[in-house]
Each structure stands twice: as structure tokens, then as C-alpha cells.
Amino acid sequence: MPQDKAKTKIVEVKPNIELLNKFFGQKKLEKLRYHQTNIGGSIHSDGPQLESPPKYLLLACSKEANRGGHSIIVHAKKIYDFLKKEKSSYLKILKKKFLIERRGFDYPNGNIFEKPIFEKKKNFFRFRYLREYIEAAYKIKKIKLAPGKIEALNFLDKLMQSNRFQKKIKLNQGDLIILNNNILSHGRTKFDLNSGDDQRTLVRVWVK
Ligand SMILES: [Fe+2]
């Protein structure tokens, strides 16, 4: 699947030094797509800004970071099951629609849409989440995110950061992982920039 407005199908997930030097602090989070940075922490699904996000995500490592840059894989379906049992009030909120900025693409009907974070139908499950794009959408629209929604998002982030639902692995040169992007979410630990053009590089493909 195309991954940007130029319809690129094979994307290098690699810090963009030029853009990183251009924006600082909060602006960095607002202007750059996650794959262009060396920040860690934000656990997400890929393509949440698409009507139909990719079902599969392939990540191949062509250059690892000297330090850091571990891949974090989080089982979103297990989180769903946990919430259903233990915190159904939060799950109810997370199944409601949230505004999402459709960053990196051009849409004739505007650059923001509304989607639930968890979708569950009979034989269908989808987790759609990238918190920065949600917060950016509310900021653009000048709408305050309701306190109940913020609380549910904070709890979700806490679960995603817990060891109970995640695995951490370091991909080395030549390694490839394939993730089901509907039921797993992912992130990474922050990493040091290598020198010059020798940056951590993962090659990413999205499959319908
Ligand atoms: Fe990603």
C-alpha cells in the first residue's frame, strides 16, 4: 500500500537529520512523521490516518542503531480482553470515535476524520492508534479533548507500556518481522543518532 502522498510503497524508517535540525521540542512532534525521528515511546498502529489501515506491516532492518532502538511489540487484542474484564468503562470510551489527523496524505474532504480506537465485530478486530495524531487533530480543530477520554487514553498508554502485554526485541541488520497491524501495535525505544548518514534504518512495507 502507498505510505504517503507521493505513493511511496517502500519507506525507509530512518531519522531525517535535516528535519530534526529544523524543528525543536513540541514542533518536532507536530511536524514530523514518527518514522522520520529518533524518539521512542509512542506505541501505535501503522496507518491510523487511513480509512483502511494496512493489515500487515513488514519491517526489515538494514542498519541498527549503535545504542537503543529496540522494537516494542504490544498485543492490543490482549489489552482489549483485559479492559473488557477489568475496566469496561474505559473500553466503552475507547470504542467511541476520536478525531485523528490524517498526516502525510492529502484528502479532498479534509485532513481530519473520526474513528474508534478499538473496533470489534463478529469476526473482525482492529486497533487504530497514534496518540500524537489524535492530540494534533483536537488542537487543529480547537476542540478540547474530554477529561474522560484523556483518562482512558492515559490508561491505555499505561497498559501498552507494561511488560504484561509487550515484547522487546532488537532487530539487527538482516532481520525481518511481519506484524498483524490489526491486533498488534508497536513502538521502539529511543536511540542515539549514529554519525553522518549511517543512521538506524528499517525498511517498511504495508500490505492490505
Ligand atoms: Fe510504526
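Buried means under 20% relative accessible area, exposed over 50%, and partly exposed in between, with a 1.4 Å probe and protein chains only. This is a predicted model, in which local features need pLDDT of at least 70, side-chain atom pairs count only at pLDDT 80 or more, and totals for chains, interfaces and linings use all residues. Residues are numbered from 1 along each chain as its sequence is written, and side-chain values use heavy atoms, without hydrogens and water.

Start with helix α3, residues 76-86 (helices, H or I, of at least four residues and strands, E, of at least two are DSSP runs numbered from the N terminus). Here A76, I79, Y80, F82 and L83 are buried. Seen down the axis of α3, these buried residues fall within an arc of 165 degrees, so they line one face of the helix. The arc is taken from the directions between the helix axis and the C-beta atoms. An α-helix has 3.6 residues a turn, so residues three or four places apart point the same way. K84 and K85 lie on the other side of α3 and are exposed. The buried residues of α3 pack against several elements, including β3 (71-75), α6 (147-161) and β10 (184-188); contact means heavy atoms within 4.5 Å.

Strand β10 also leads to the metal. The iron ion has H44 (NE2), D46 (OD) and H186 (NE2) as protein donors, 2.1 to 2.2 Å away. Donors are N, O and S atoms within 2.8 Å of the metal (3.2 Å for Na, K and Ca); water is not among the atoms, so sites may look incomplete. D46 sits in the loop between α2 (25-31) and β2 (56-63), while H186 is in strand β10, 140 residues apart. Both D46 and H186 are buried.
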